[in-house]
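Let us work through a structure by question and answer. Have the sequence and the model at hand.

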Amino acid sequence: MSAVSNSSPLIYLGTLGDFELLRLLFGTITIPEAVYREVAIDGRGQPGGSDVLKASGHWMLTESIRDQHRAISLMEAQGIHAGESEAIVLAQERGLDVILLDDQRAVSCAKAARLKVVRTPAIYATAKEMGLIDSVRDKLDHLRQARFFLKDQDYRSILRMVGEL
């Protein structure tokens with residue numbers, strides 16, 4: 001299964017040293033140019049930046065969107081960032097129904113577009129199901145330390161779902 005990704009999952013998985021989970025779980029990750037710029041160019045030297053550069057052309061592909069006007073309209077109408085709007089448009093243009101996003105506004109837009117949204121904590125839950133990691137709790141705790149916003153009720157819900165609470 002391949003997916004389109006926004007910046008935040010790339011950055012957080014890079015921060016926690018878990019970038020390779022993306023390849024193991026999704027095979028190919030496609031990112032729009034705005035995400036590439038944000039993570040690999042503007043974020044050079046930051047978590048995720050070198051990971052994107054290493055994976056680019058192998059299992060991570062950067063693609064241009066065809067309908068730039070649609071991405072701009074979505075960004076302006078919904079108050080989301082360029083990377084998020086381009087990721088949503090790219091997923092639709094390429095017929096990929098899985099998108100990796102974290103921002104609530106962008107998640108709502110993607111769901112309205114009938115895309116299957118996978119947030120960073122869900123990546124860890126899936127990784128545990130597949131035996132790739134031992135503890136989701138440790139990963140969620142590290143995400144929170146890295147300033148990932150996760151409500152207490154969502155934290156508990158995820159841990160319950162994976163049998164860690």
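The turns below cover the sheet and then the salt bridges of this predicted model.

Student: Which strands stand at the edges of the sheet?
Tutor: Five strands form an open sheet, paired in parallel, in the order S3-S2-S1-S4-S5. An edge strand has a single partner strand, so one side of it is left without a neighbour in the sheet. The strands at the edges are S3 (60-63) and S5 (116-118).

Student: Which residue stands opposite isoleucine 99?
Tutor: Look at strand S4, residues 98-100. Three bridges join S4 to S5, and the two run parallel. The residue in S5 opposite isoleucine 99 is valine 117.

Student: At about what angle does helix H1 run to S1?
Tutor: Helix H1 covers residues 7-15. It lies across S1, S2, S3 and S4. Its angle to S1 is about 85 degrees.

Student: How many residues apart in sequence are lysine 139 and aspartate 18?
Tutor: Their side chains meet in a salt bridge, 2.9 Å from N to O. Lysine 139 lies in helix H9 and aspartate 18 in the loop between H1 and H2, so the pair ties together parts that are apart in sequence by 121 residues.

Student: Is lysine 128 buried, partly exposed or exposed?
Tutor: Lysine 128 forms a salt bridge with glutamate 164, the closest N and O atoms being 2.8 Å apart. Buried means under 20% relative accessible area, and exposed means over 50%. Glutamate 164, at 17%, is buried. Lysine 128 has 23%, so it counts as partly exposed.

Notes. Residues are numbered from 1 along each chain as its sequence is written. This is a predicted model: local features need pLDDT of at least 70, side-chain atom pairs count only at pLDDT 80 or more; totals for chains, interfaces and linings use all residues. Side-chain values use heavy atoms; hydrogens and water are left out. Two strands pair if DSSP finds at least two bridges between them. Helices (H or I, at least four residues) and strands (E, at least two) are DSSP runs, numbered from the N terminus. Contact means heavy atoms within 4.5 Å. Axes are lines fitted to C-alpha atoms, for helices over the stretch in contact, and angles run from 0 to 180 degrees between N-to-C directions. A salt bridge is a side-chain nitrogen of Lys or Arg within 4 Å of a carboxyl oxygen of Asp or Glu. Buried means under 20% relative accessible area, exposed over 50%, partly exposed in between (1.4 Å probe, protein chains only).
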